[in-house]
Amino acid sequence: MGSDGVRKPRFLCLHGFRTSGEILKTQLHKRPQSVLDNLDLVFVDAPFSCLGKSDVEGIFDPPYYEWFQFNKEFTEYTNFDECLQYIEECMIKYGPIDGLLGFSQGSILSAALPGLQEKGVALTKVPKVKFLIIVGGAKFRSPSVMDKAYSSSISCPSLHFIGETDFLNKYGAELLESCVEPVVIHHPKGHTIPRLDDKSLKTMMDFIERIKKDVSK
């Protein structure tokens, strides 16, 4: 419970490719305490050990993990079904989970899961995903996943961070087109979890206050 007696929204946090839950936790601690105090964040490691060099090697200590593997065009995925099953198991273990918070590979997964859940191909044993926080996001590009994940609009409240110099910038913008009334924070950085200035902090706190009301219903 928060200090106001309202249950904090609980988010399962999905880290980036070849990083870890502990690394994402460290990255998110750039956030002001007012944000962290109002969210219940659950950090987990992806199910597969890193199969190649991590981009954060020398910055963050190993071990590193990946959610699934993919080809160069990001159109074919290996261990994808196992990944979805693992996320569901985490949601059962740490539930009730209200929302998903993802960065990079974790954000691509997070944004696709409400649609996959709605179509009955993922997260069938857990309550509906109510909220999304997407940092450095994009869509899947495999037609078989796209047809299920984005055939209906993503209607749950969603907050998106898009960096001006992020290599996924235009793909993050494409994702917005599939969301109903997304809240967007633009920042000048690249593919990273940005610090919040006064304006973006207010936007994020307004979003949190909004979803806290939904949790308390």
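User: Which side chain does Lys53 meet in a salt bridge?
Analyst: Lys53 meets Glu57, at 3.4 Å from N to O. Keep in mind that this is a predicted model.

User: Lys53 itself, buried or exposed?
Analyst: Lys53 is exposed, with a relative accessible area of 61%. Glu57 counts as partly exposed, at 44% relative accessibility.

User: How many salt bridges in the whole structure?
Analyst: A search finds seven.

User: What does Arg10 pair with?
Analyst: Asp40. The closest N and O atoms of Arg10 and Asp40 are 2.8 Å apart.

User: Which parts does that pair tie together?
Analyst: Arg10 is in strand 1 and Asp40 in strand 2, residues 40-43, so the bridge ties together parts 30 residues apart in sequence.

User: And the accessibility of the two?
Analyst: Arg10 is partly exposed, at 23% relative accessibility. Asp40 is partly exposed too, at 24%.

User: What about Lys202? Which residue is its salt-bridge partner?
Analyst: Asp206, with the closest N and O atoms 2.8 Å apart. Both residues sit in helix 7, residues 198-215. They are four residues apart there, so about one helical turn separates them. Lys202 counts as exposed at 52%, while Asp206 is partly exposed at 41%.

User: Which residues are joined into a network by shared partners?
Analyst: Arg7, Asp98 and Lys130 are joined into one network by salt bridges that share partners.

User: Switching to the interior. Which residues touch the most other members of the largest nonpolar core?
Analyst: Leu12, Trp67, Phe68, Phe80, Ile87, Leu109 and Phe140 do, in a core of 40 residues.

User: Which elements each supply at least two residues of this core?
Analyst: Two strands and three helices are on the list: strand 1 (10-14), strand 8 (131-135), helix 3 (80-94), helix 4 (105-118) and helix 5 (143-149). Strand 1 also holds Arg10 of the bridge to Asp40.

User: Zoom in on Ile87. What is it in contact with, leaving aside neighbours within four places in sequence?
Analyst: Ile87 contacts Leu12, Leu14, Trp67, Leu109, Leu113 and Leu123.

User: What lies apart from that core?
Analyst: Another core lies apart from it, with 23 residues. Cys13, Leu28, Leu159 and Met204 are among them.

User: Back to helix 3 and helix 4. At what angle do they pack?
Analyst: About 85°, with the axes 12 Å apart. Angles of 65 to 115 degrees count as roughly perpendicular, so helix 3 and helix 4 are roughly perpendicular to each other.

User: Which residues meet there?
Analyst: Helix 3 brings Phe80, Cys83, Leu84 and Ile87. Helix 4 brings Leu109, Leu113 and Leu116. Phe80, Ile87 and Leu109 are also among the residues touching the most other members of the largest core.

User: New topic. Where is Gly190?
Analyst: Gly190 is in the loop between strand 10 (183-187) and helix 7.

User: Buried or exposed?
Analyst: Gly190 counts as buried, at 18% relative accessibility. The cut-off for buried is under 20%.

User: What does Gly190 touch, not counting residues up to four places away?
Analyst: Gly190 touches Gly163, Thr165 and Asp166. The C-alpha atoms of Gly190 and Gly163 are 5.1 Å apart, although 27 residues separate the pair in sequence.

User: Last one. Which domain does the UniProt annotation give?
Analyst: The unreviewed UniProt entry annotates residues 7-199 as "Serine hydrolase". That span is 30% helix and 20% strand. Its end C-alpha atoms lie 26 Å apart.

Terms used:
Residues numbered from 1 in each chain as written. Predicted model: local features only at pLDDT ≥ 70, side-chain atom pairs only at ≥ 80, totals over all residues. Heavy atoms only, no water. UniProt positions renumbered as here; feature names shortened; annotations may be inferred. Core = buried A, V, L, I, M, F, W, Y, C linked by side-chain atoms within 4.5 Å. Buried < 20%, exposed > 50% of the residue type's maximum accessible area, 1.4 Å probe, protein only. Contact = heavy atoms within 4.5 Å. Salt bridge = Lys/Arg side-chain N within 4 Å of Asp/Glu carboxyl O. Axes fitted to C-alpha atoms, helices over the stretch in contact; angles between N-to-C directions. Parallel < 35°, antiparallel > 145°, perpendicular 65-115°, else oblique.
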